[in-house]
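Here is a structure for a first visit, along with one visitor's request to see a part of it up close.

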Amino acid sequence: MPKVQTARGGIAPFEFSATAENLFGESLDEFTDIKVFGEVEDAEGCYVVRGQIECKKSFICDRCLAPASENQVHEFEEEFEKSAAVDDVIDITELLRDILLAGQPMKNLCKADCKGLCPKCGANLNDGECGCDKFIVDPRLSALENFKIV
């Protein structure tokens, strides 16, 4: 569990790296190479913990279904009451997990301009055009194809 040493009347730097399971007590297999660094500042009436989480995330692209990965950096800053420190140590496990998970995009894309899959043949359009006719009739309007005006 990640815990940081406080500095009475000053600033105490911290830096560590570990697996997601070691940090959070649960298996978050998509996150690897997790590094956390920052500082704890003794401010008036509280401790301010600030820093960065750097990690690599592996995922399946939501558009083309290809495996992909990206390096992520998440910054954080949080105030802790002085009573949160036990023996001059603050547990920041929940803070790190919340920052890491809340910082995830709504869609995981292998690249910003991912073209996805062909709706007819399922080919990955990032590899090139498949040659399929791209015109698709909306199924709700398909009955109008047979409509003839007299």
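Visitor: Does Asp87 count as buried or exposed, and why? After that, please take me on a close look at strand β3.

Guide: Happy to. One thing before we start: this is a predicted model.

Asp87 counts as exposed, because its relative accessibility is 71% and the word applies to anything over 50%. You'll find Asp87 in the loop between β5 and β6, the latter being residues 89-91. Its backbone is worth a glance as well: phi is near 55°, a positive value in a residue other than glycine.

That makes a handy bridge to β3, where another aspartate has a positive phi. Asp33 lies in strand β3, and its phi is near 50°, again in a residue that isn't glycine. Asp33 is exposed too, because its relative accessible area of 53% passes the 50% mark. Now slide along to Asp42, also in strand β3. Asp42 counts as buried at 19% relative accessibility, because the limit for that word is under 20%. Want a feel for how far things spread here? Asp42 and Leu28 are 14 residues apart in sequence, yet 32 Å apart in space, going from C-alpha to C-alpha.

Next, the strands that β3 pairs with. Strand β2, residues 11-18, runs antiparallel to β3, and 8 bridges join the two. To spot one, look for Ser17, whose bridge partner in β3 is Lys35. β3 also pairs with β4, once more in the antiparallel sense, over 11 bridges. Here you can pick out Phe31, which stands opposite Lys57 in β4. β3 and β4 make a hairpin with 2 residues between the strands, and there Gly45 takes a positive phi near 80°.

Side chains connect these strands too. Glu39 forms a salt bridge with Arg50, and their closest N and O atoms are 2.9 Å apart. Glu39 sits in strand β3 and Arg50 in strand β4, 11 residues apart, so this pair links distant parts of the chain. Glu39 is partly exposed, with a relative accessible area of 25%, and Arg50 is likewise partly exposed, at 22%. Arg50 forms a salt bridge with Glu77 as well, this time with 3.7 Å between the closest N and O atoms. That pair reaches from strand β4 to strand β5, across 27 residues of sequence. Glu77 is exposed, with a relative accessible area of 55%. Add Glu41, and you have a network of salt bridges linking Glu39, Glu41, Arg50 and Glu77.

Now for the nonpolar side of things. In soluble globular proteins, nonpolar side chains tend to be buried together. The largest nonpolar core in this model has 22 residues, and Ile34 is among those with the most contacts inside it, along with Phe14, Val49, Phe76, Ile90 and Ile92. β3 (31-43) supplies at least two residues of this core, as do α1 (20-24), β4 (46-60), β5 (67-81) and α2 (93-102). Zoom in on Ile34 and, leaving aside its neighbours within four places in sequence, you'll see contacts that include Phe16, Ala18, Leu23, Ile53 and Cys55.

Helix α2 is part of this picture as well. Its buried residues include Thr93, Leu95, Leu96, Arg97 and Leu100. What covers the buried residues of α2 includes β3, together with β2, α1, β4, β5 and β6.

For contrast, step away from the strands for a moment. Leu141, Leu144, Phe147 and Ile149 form a nonpolar patch on the surface, with about 500 Å² of accessible area together. Ile149 belongs to the segment after α2, and it counts as exposed because its relative accessibility is 78%, where over 50% is enough.

How values were computed. Residues are numbered from 1 along each chain as its sequence is written. This is a predicted model: local features need pLDDT of at least 70, side-chain atom pairs count only at pLDDT 80 or more; totals for chains, interfaces and linings use all residues. Side-chain values use heavy atoms; hydrogens and water are left out. A nonpolar core is a set of buried Ala, Val, Leu, Ile, Met, Phe, Trp, Tyr and Cys residues joined through side-chain atoms within 4.5 Å. Buried means under 20% relative accessible area, exposed over 50%, partly exposed in between (1.4 Å probe, protein chains only). Helices (H or I, at least four residues) and strands (E, at least two) are DSSP runs, numbered from the N terminus. Contact means heavy atoms within 4.5 Å. Two strands pair if DSSP finds at least two bridges between them. Patches are made of residues with over 30% relative accessible area and no salt bridge: like charges are joined within 9 Å, nonpolar side chains (Val, Leu, Ile, Met, Phe, Trp, Tyr) within 5 Å. Accessible areas come from the Shrake-Rupley method with a 1.4 Å probe; for residues, only the protein chains shown count as cover. A salt bridge is a side-chain nitrogen of Lys or Arg within 4 Å of a carboxyl oxygen of Asp or Glu.
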